[in-house]
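I opened the model to look up its sheet, its nonpolar cores and the surroundings of its ligand. My entries follow.

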Amino acid sequence: MKPPTILVVDDQPVNVKLLTGILSAEGYSLIEAYNGKEAIEAAKQQRPDLVLLDVMMPDVDGFQVCRSLKEDEKTRFIPVLMVTALQEKEHRFQAMESGADDFLTKPVDRIELLIRVKSLLRIKKYSDDLIKSYSKLQEKNQQLKEIEEAREGLMHMIIHDLRSPLTIISGNLELSLIKLGTDAGARPYIEKCQHYCSYLDELIQSLLDVYRMEQGNLKLNLEEMDPWQLALETKDKFSIQAAVKGVELYLEKIGPLPPIEMDRMLISRVLANLMDNAIRHTPEKGFVKLVMDFHQEAQELRVKVTDSGEGLPEEYRDKIFDKFQQIKLKKTDKSIGSCGLGLTFSKMAVEMHGGKIWAEGQGKDQGCSFIFQIPARVKEYQASTGSFGA
Ligand SMILES: Nc1ncnc2c1ncn2[C@@H]1O[C@H](COP(=O)(O)OP(=O)(O)OP(=O)(O)O)[C@@H](O)[C@H]1O
Ligand SMILES: [Mg+2]
């Protein structure tokens, strides 16, 4: 490893000789300067690890040199050890004021000099290490920003450029079905294509919604409504999917539910996401239950969707609300028809209503519950700050 470099500054050559003699015997690499100007020049050009600086020099004195080094971005982290024959307190104070890190009095004691040098070099090394890690972090941060920008760009492309061809494909499939009549053998294939088209359409819609919410461009369209109506509609929507899988769907209402101010489209999609997840993660003969109740004290609607599926390990319970997060508990887990946006969307939608959403679970294969609560009345949401008015 390269030995640390020390710049020794004194207008008296004999003093320079004395100090460099002590320091070179310890293996340090040395630079010499005989006046203030030379010292500043050498420090800027050669960036030593420490400066040993005489105070009283003609023209540019030690205080000025020190101030100049501490004002420059490139040299401000180089420790300065002032060496002065003057013992007056006022000079020590002035040395500290000009940014010196420590000082020594002449005649210099060898041991004291070596102790101060070692300790300042140690501090310099910590500061170098910190600067290095900071610039590595900055580099990583920049890379992350670039990746994020690329992802945003891709998202933009997906949202805007995929939609129109998809609409054309769907329209043509619809026309083909009409032309084929009722008994054509190709009907199941076309219907399958239609099914995947509507999946792609939903996926693009989710991307678009999350993107708009992130940009603060999605506004709540609030109306007062009976939340139980949404529960009934959700059950209706998923009855076939549940029946095909042999999963029982239950609804339960605890106590009366007052009308709640909600964005119908957003909250029904939250319910649909939770229901879809619950059914997909529940094996045959399992159950999914949606419970609604109203907390009088908090004036909040509480919705709980519980399933009897594979459960959700505790370490994933927060992560799954992040974009594109899907948990593969088994190697065979597939995510065809899903991309990890449902819960991200649900969290954003619930939070826009001033509510919160979270997951609970009992353990492996013991099922899990997703619970969200929203206030009966939504305070004005400020999309720009992501906060709620009083
Ligand atoms: N009821 C549940 N039981 C077990 N794991 C679940 C349940 N609901 C969600 N998860 C886990 O959380 C992940 C994220 O869910 P999310 O709804 O955001 O995405 P997805 O269902 O995979 O895709 P998408 O909703 O976009 O179609 C799921 O991939 C799954 O690993
Ligand atoms: Mg989902």
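I took two strands as paired if DSSP finds at least two bridges between them. Helices (H or I, at least four residues) and strands (E, at least two) are DSSP runs, numbered from the N terminus. This is a predicted model, in which local features need pLDDT of at least 70 and side-chain atom pairs count only at pLDDT 80 or more, while totals for chains, interfaces and linings use all residues. Residues are numbered from 1 along each chain as its sequence is written, and chains are lettered from A and ligands numbered from 1 in the order in which they are written.

Sheet. I found Lys 289 opposite Thr 306 in S10. S9 and S10 run antiparallel, paired over eight bridges. I then traced an open sheet of five strands with mixed pairing, ordered S7-S9-S10-S12-S11. At its edges I noted S7 (248-254) and S11 (356-361), each pairing on one side only.

Core. I looked up the largest nonpolar core (buried Ala, Val, Leu, Ile, Met, Phe, Trp, Tyr and Cys residues joined through C-beta atoms within 7 Å; buried means 20 or more other C-beta atoms within 10 Å of a residue's own, C-beta atoms being placed from the backbone). I counted 32 residues in this core, and Ile 267, Val 270 and Leu 274 are among those with the most contacts inside it. H8 gives the most to this core, eight residues.

Ligand. I listed 22 residues around ligand 1, with Asn 277 and Gln 326 among the closest. H8 (264-280) and H9 (342-352) each supply at least two residues of this shell.

How values were computed: A residue is near a molecule or strand if its C-beta atom, placed from the backbone, lies within 6 Å of it. A residue is buried if 20 or more other C-beta atoms lie within 10 Å of its own, exposed if 12 or fewer, and partly exposed in between; C-beta atoms are placed from the backbone.
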